[in-house]
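Trainee: I'm new to this one, and I'd like to learn how to read it. Could you walk me through it, feature by feature?

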Amino acid sequence: MLFALEHYHRPRTLAEAGEQLASDSGARVLGGGTRILTSRDDSVRSLVDVTGLGLDGLELGGEEPFLGATARLQDLVDAPAVQGYYGGILSEAAYLSNPSRLKRNVATVAGEILEAGRLGVLSAVALALGARLVVHDEGECDLEEVHVNGLSGIVTAIRLEPEGEGRTIGFDTVSVVETSNPMALSVAWVEVDSGKVVSSRIVMGAIGPHPVRLRAVEEILQGESPDVALIERAARDGLEGVQIGDRPGLSGDYLCHLVRVTVRGALSKATGIVGT
Amino acid sequence: MTEFHLNGQLVRVDSPVNWSLLRLLREQRWWGTKHGCEGGECGACAVLVDGRAVPSCLTLAHSLHGKRVETVEGLGKPGDLHPLQEAFVDVGAIQCGYCTPGMLMASLELLRRIPDPTEADVRDALTGTLCRCTGYVKPVEAVLLAAQKMQEELS
Amino acid sequence: MSRSSQFQSVGRKTPRVDAEKLALGRGTFADDLELPGMLTLGVLRSPHAHARIVRIDTSRAEELDGVACILHHGTVERIAYSSAGQGHPEPSPWDMFAFDVKVRHVGDRVAAVAAETPEIAQQALDLIEVEYEVLPAVLDPMEAMVEGAPVIHDEEDAERIHDANRNIVAHLQASKGDVEEALSSASRVYERTYEMGYVQHAAIEPHIALAWMDEDDRVVVRTATQVPFHCRRILARVLNIPLKRIRVLKPRVGGGFGGKQEILIEDLVALVALRTGRPVRYEMTRAEELHAARTRHPHRTTLRAGVDEDGRLVGLSMNILENSGAYGCHALTVMCVAGDKALSLYRIPALSLDAIAVYTNLPVGGAFRGYGAPQGFFPLESLIDEIANDLGKDPLEYRRDHAIRSGDPLPMSKALGEGREGFEQTIGSSGLFECIETGGASIDWKTKRSRVPGKGRFRRGVGMACAMQGSGIPGIDMAAAGLKMNEDGSFNLTAGATDIGTGADTMLAQIVAEALTCSVEDVLVYTSDTDLTPFDTGAYASSTTYLSGGAAKKAAEDVKEQITVRGARMLEVGVEDVHVEQAHVVSTDGRKVSFSEICLDTLYVEEQFQIQAVASHMSYVSPPPFAAQFAEVEVDVETGIVRILRFVSAIDCGVAVNPQMAEGQVEGAVVQGLGYAISEEMIFTEDGSPVLLDLQDYHIPTARDLPELVGHLVETYEETGPFGAKAVAEIPIDAPAPAVANAVFDAVGVRIYSLPVTPEKVWRALQRKGRSFSPDTKDKNRATTRS
């Protein structure tokens, strides 16, 4: 409950929304509300509801794929447009990002990607797909930068890597039971040309507040031919420097092990190379 | 002033800005919609807004202007139960009954979308409405039975 | 043909008497009521695990518009009590106060505010200034007993704490035969220690209570409770007002599982109503539920078992170290049940129990479905499995060979009453053998146990465990019921029995209908109102079917007698020449008179009187229901993740009064038990703060998390139960955890000695097994004894 909430705005245009947001330092953007309405944040005095602005398109076919900011997670699960894109990866990720259908019906894509819910699959997949956030009146910014610097303003869409020859993606997640929070989660996006990895984004989710790129893993892959040995080496050597602290109920070294298992699993799914 | 349709009736309410739909309903003595966490996790407060099952605790009352809200009170009447309600009663899917309205509304959305769901579809629809009594066995059975009955009625 | 097939109402799938109104979402729960001018209460809770309140300043909160009442240790009378919600004399120590100068766990009460709106209440709570002297906290029960550990209950006025200076709530010892002698002469001795974690009831309806003053200046408390009569008695003590000034009403309850046996919040609303004269409502938030309500008591249990040359069990000793948290609610009696049930399941000549409950600065243990039995059977059934494997015997056959049988004495029943000496008992009905057979066939035990293990990442295994519970607390629990006849042939049943979603109201109606040969619809059930219904100890200890059902049956038989007499008189024959059939009294020559006609006659026509009866029922025996439960699991050897593929329960609950409801009890209990087995655990930081404060983080099973659940009701006929019935609500939660742990061993050859069986524990055990772990050999029998 937001105890200090005084105003609810439902702007008709983006420009109006921008003005309302700018006019009050206690104003926040309201999407699905799954986080802000339960935050008990007493600095929130007004909410600017952006769900009626038509920002819910999903365009994934062409050269400039994007997700509308206020599309709901369940739209990603259901929309036919999503099924063809990287084999339906976004659909699967959205489904796993929130076990509750009720919450998938309200949670928005932008909220999920920006804040990385506790299950965090979509957020990690978006990072692996090079997500860039389109911010009203401010242009685009990289999701990774947003994780560092935060973001103000209204996100209107999330741009993602187009599909292409040799480009594949896969993820692997481990949780105690199907719908509990993942203990570890990894996503691998790779581009292979003439048998060599020419580009990759390997992402670790579920550890820390946001998903992060595992650049050491990416460096090992770069220029190499993907095979079982490479995947093993990348998952082992690429994670050598990664330190994960103990969490209540989970030790750091076990989590490190799980990250290794999921990086291997994600690479395996992305490349189609299955170890013995 | 917020105007919306509640189970087919146009209602006008003037509620405080921070009220959720759940709070609004209960303050108006619509007791069917339950509350178990006010964080969207338990689903006891599920209602349909424009046909979608949502946690009413995560829906601001003011955001409902012009929308259609359906609650368990709109589903059936004494002696004239909705097939879903009938099935929940018949198969013993109701134990304490606290999660029942939420489960019914989540199932209603499902059956409108997929009239002949698989068990996996039902389990997905009910993930989000937590139940601590039944182990979900009989609720799942009830939704499948209701679907079957509703299909038979149509044909 | 089963004996239950002779019945008309009992043994049938009668729909619940309350199902339709619940399906319609009718307002039947505690909170579904609006009272004019109702206040909302909020509670300020301790952020520290252990601290003294040096100063509390409520002046700014008091100035706030809309604040009606503020409660804290300075404004509320100090009376020692226990919130445990048990009978008189209470077995739990009086070690708590409505508000104290000390806080003993994160989430302990500091103050409460009643205000016009939830917003104002919250604002006022934020304005209360509290200065704490933070004290060292102790979270581990072993450390808590060490000399020099912080003393959690240093107050002078607590009563009946076993040894407050050493933080010992209770100490319990019992034995049969000479265990040390038996173990020293045994050919092998196994000693293992098991740990069971903190779990939460997580009923979907939080704790909720309303209170108001009636026109006679009595306080009425409408609360989601399992124990309305204990609630009234305990409120009288803590509020220091006459019991007759209190009325407790139990409306529909949204799940209890033991959590609502506690008198957790009723004192707060009653105090506000008494002070302000206004109605007030308090509902715990989910976060409060997850750290400031009650939990299952964590146990650390060491078993020592000896076998002779033939592998027969000759002695078993059980040492329990119980973490009771900050208060001693149910501390002693949970250990009694753990010991009594676990030590009684097998025929073992020498037995002993030594159990200690200890205070720590963590959340408070309470009653939780199974009530110690799950904490007893995880160790027992893990060890039995290990011994059988070690001896090269089939664990199923080994269990069957040792299992207690009909006619056997219950070895600990006299020594381990609940909080006082109990009574000698022998087993009446037992379907344990049939449960083992039926469940084993259902999971395909023989084939699956001999399965060649896989070599890959995912390995499958099956495991089993057995359990027994009781039906009420012998010699202690009592239930009463009243039955009154109406002129249309319907009956009002009034009972203290407390339906918390279990179907008790329906079960009682079926029993009355069976006894009277009327229809279930003609029995109108009204329960749990301390003014209007007879007494009942409440919904706990699996007592309702056996005892409340027994009371209802007695009352119905009495009423039937009265009906028969009047019916015979109306038919102008002797009572020996009539019988009751389908709500009529029928004479041997075929004439009949209906219940309705009989009642009209008694109320209006001749020698008028009300046909009615009140009956009480208690029992010196507590016939055990039995279970054999089986799990098939798949273990990921890379991550340690355990997926449960299939779970089979075979349950002997005597005659199931309503098989559909009994199945529902089994399914729900199994799922709760599987949560206990693999996924649920309350986690705390090093300073005792809770980490998991909502239902996504404290993850209870969802519809997508579950395996195929199979249930079999194995019918027996319990001669002492109403129409052959025993209890069913708790027994199915007792054995899922050991069945799963044993299945994990079958799959990958490692034993997990603590609950929950988390992936990390399995993974670590596999690591420890290390390079000796060969995917080609299923080295079940290589587990070494740690004797």
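Trainee: Let's start with a proline. Where is Pro756(C) found?

Mentor: Pro756(C) sits in a loop of chain C, with strand 30 (754–755) on one side and helix 19 (759–769) on the other. Keep in mind that this is a predicted model. The peptide bond leading into that proline, from Leu755(C) to Pro756(C), is cis, and its omega is near -5 degrees.

Trainee: Which residue does a cis peptide bond join to Pro89(C)?

Mentor: That partner is His88(C), and omega for the bond is about -5 degrees. Pro89(C) is in a loop too, the one between strand 3 (67–72) and strand 4 (102–103) of chain C.

Trainee: Next, phi. Which sign does phi have at Asp50(B)?

Mentor: Positive, at about 50 degrees, although Asp50(B) is not a glycine. To place it, look in chain B at the loop between strand 3 (46–49) and strand 4 (52–55). Asp50(B) is partly exposed, with a relative accessible area of 38%.

Trainee: And Asn167(C): is it buried or exposed?

Mentor: Asn167(C) is buried, and its relative accessible area is 0%. Its phi is positive as well, near 60 degrees, and Asn167(C) is a residue other than glycine. You'll find Asn167(C) in the loop between helix 4 (141–144) and strand 7 (168–176) of chain C.

Trainee: Now a helix. How do I check the span of helix 15 of chain C?

Mentor: Count residues and compare. Helix 15 covers residues 544–570 of chain C, which is 27 residues, and at 1.5 Å a residue it should span 39 Å. The C-alpha atoms at its ends are 37 Å apart, so the two values agree.

Trainee: Which way do residues along a helix point?

Mentor: Here's the general idea: an α-helix has 3.6 residues a turn, so residues three or four places apart point the same way. As for cover, helix 15 of chain C is mostly covered, with 19 of its 27 residues buried. After the helix comes Glu572(C), where phi is positive, near 55 degrees.

Trainee: Can we look at single residues and what they touch? Which residues is Thr100(B) in contact with, beyond its neighbours within four places in sequence?

Mentor: In its own chain, Thr100(B) is in contact with Phe88(B) and Ile94(B). In chain C, Thr100(B) is in contact with Leu22(C) and Ala23(C). Thr100(B) belongs to helix 3 of chain B, residues 100–113. Thr100(B) counts as buried because its relative accessible area is 1%, and the cut-off for buried is under 20%.

Trainee: What about Ile404(C), where is its place in chain C?

Mentor: Ile404(C) is in the loop between helix 11 (395–402) and helix 12 (432–443) of chain C. At 2% relative accessibility, Ile404(C) is buried. Leaving out residues up to four places away in sequence, Ile404(C) touches several residues, including Tyr346(C), Pro409(C), Ile427(C), Phe433(C) and Phe626(C). Take Ile427(C): it is 23 residues from Ile404(C) along the chain, and their C-alpha atoms are separated by 8.2 Å.

Trainee: Let's zoom out. How many helices and strands does chain C have?

Mentor: Chain C has 19 helices and 30 strands, and chain A has 11 helices and 12 strands.

Trainee: What does the radius of gyration say about chain C?

Mentor: Compare it with the value for a compact globule. For 787 residues that value would be near 28 Å, and chain C has 27 Å, so it agrees. Chain A, with 276 residues, has 19 Å against an expected value near 19 Å, which agrees too. The C-alpha atoms of chain C fill a box of roughly 90 × 75 × 50 Å along the principal axes, and those of chain A a box of roughly 60 × 45 × 30 Å.

Trainee: What percentage of chain C is buried?

Mentor: Buried residues are 68% of chain C, and for chain A the figure is 56%. Chain C exposes about 25600 Å², with carbon and sulfur atoms supplying 49% of it. For contacts in chain C with a separation of 6 or more, 80% come from residues 24 or more positions apart.

Trainee: And charges: how many positive and negative ones are in chain C?

Mentor: Chain C has 78 positive and 112 negative charges, and the mean positions of the two sets are 5 Å apart. Chain A has 24 positive and 38 negative side chains, with the centres of the two sets 5 Å apart.

Notes. Residues numbered from 1 in each chain as written. Chains lettered and ligands numbered in written order. Predicted model: local features only at pLDDT ≥ 70, side-chain atom pairs only at ≥ 80, totals over all residues. Heavy atoms only, no water. Helix = DSSP H or I, 4+ residues; strand = E, 2+ residues; numbered from the N terminus. Rg over C-alpha atoms; globule rule 2.2 N^0.38 Å. Buried < 20%, exposed > 50% of the residue type's maximum accessible area, 1.4 Å probe, protein only. Lys, Arg positive; Asp, Glu negative; His and termini not counted. Charge placed at Lys NZ, Arg CZ, Asp CG, Glu CD. Contact = heavy atoms within 4.5 Å. Areas by Shrake-Rupley, 256 points an atom, 1.4 Å probe, with all protein chains shown as cover. Expected span 1.5 Å × (residues − 1).
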